[in-house]
Amino acid sequence: MEQSFATKINFDVGVIKELDVNSFKNVLVLTGTQYSLEIFEKHIKPLIKTNVHVYANIAATNLTEHSVYSVLNFASGNNIDCIISVGVESVMDCGRLTSLLLTHGGFLHDYIPGGTMGPIGITPNVIYHITVPIMPAAGYEISSYASFMQSNEKKMLISPYLIPKATYIDPMLMTGLPPDLWAVLGFDCFTTAMMAYVSIYANPTSDAYAEQALKSYIQFSKKIIAKPADIELIKHAAAASINSFLAANYSCTGPVHAIADVLAAKFGMRYGIALAMVCAEVCAFCYDASPERFDSVVKMLGGKGGSGTAVKKTIEKLIKDVGIQLPSLKGKIKDNEYEKFAHEAMNYAMKGCAKQMSVRDIEALLRRLP
């Protein structure tokens, strides 16, 4: 099968009805246990007239390598030629990784940097992978990235061959999300766009996507929390999510995401929550390296800018205004773990930092968290 390095994006209200996988012989459906499974049963299952194998036990956060192997055991021997991932980021990551292992064999650790094959061992994948997000997925539905947890550490695989063949982004499937989840999802979009905008790798293309995502977020974030089932607002939120991903894809993310990766993995929290916990502190630290860029974002949010303190206060106010409840980590991190966590945060995302953070800087930031 000819390999394409771009996902065919189907984005519209009711577009899920256009899903057609009946030319395949054996379809593997991956989903979660509750909401995403209900969506599959109601909106997608009636469309499938060929053999279908449903695995509905994937956790909403922090996909583990054991979960991937469980799916692999379930699917092996069924001659799977199409995978549909219905759900959130972890489900879509599972679809990418299952597709990889069903095609090439081996173990996940074989393909990570330093593994026996490494990323270069990921070659063209013959299994057709379709993603169906049930909430704005910050680009996971079209991403070449796949992450999983191994021994309480987040591992990442990156390859153009992991890009899904198609995605169906249907706002109708997102009407049942609660307001507090919209707040977290929106903040993920905001942070991703902002970090791409202030990154040392920012460029005219990434700026165009970042500015569009930021403007959409600022215009619709509070409205959708008040009206979480409003289709038009959901369309704008989903579009902003895609734009934030494209901004980061053409630029980079940065230290907020690098540190949030560790917190989300260690404490099993939603990624948007982890981002909110560290965003204000990191932006205050990085302000001096890109003051005009940070001030531009602050002014979009209605603030005045002019200092790292002003940026911090503006972001803290935003978090409060959209109603994100931040957990406390006091007593949950042992004193000898702060430095270890800081070392783990020196990951791929840190390269986009406008002002380089040392391990000591990160450790000090972690110690300041409530």
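This is a short chat about how to read the sheet and a helix pair in a predicted model.

Reader: What should I know about the model before I start?

Author: It's predicted, so to speak on paper: local features need pLDDT of at least 70, side-chain atom pairs count only at pLDDT 80 or more, and totals for chains, interfaces and linings use all residues. Residues are numbered from 1 along each chain as its sequence is written, and side-chain values use heavy atoms, with hydrogens and water left out.

Reader: What is the strand order in the open sheet?

Author: Strands of a sheet pair through backbone hydrogen bonds, either parallel or antiparallel. Here 6 strands run in the order β1-β8-β5-β4-β2-β3, with parallel pairing. Strands (E, at least two residues) and helices (H or I, at least four) are DSSP runs, numbered from the N terminus; two strands pair if DSSP finds at least two bridges between them.

Reader: Which strands stand at the edges?

Author: β1 (8-11) and β3 (51-55); each has a single partner strand, so one side of each lacks a neighbour in the sheet. From one strand to the next, the twist averages 15°.

Reader: At what angle do α5 and α9 pack?

Author: Angles run from 0 to 180 degrees between N-to-C directions, with axes fitted to C-alpha atoms, for helices over the stretch in contact. Under 35 degrees is roughly parallel, over 145 roughly antiparallel, 65 to 115 roughly perpendicular, and the rest oblique. Helix α5 (residues 179-198) and helix α9 (residues 271-286) pack at about 45°, their axes 9 Å apart. That makes α5 oblique to α9.

Reader: Which residues make the contact?

Author: Contact means heavy atoms within 4.5 Å. Among them are F187 and M194 of α5, and I273 and L275 of α9.
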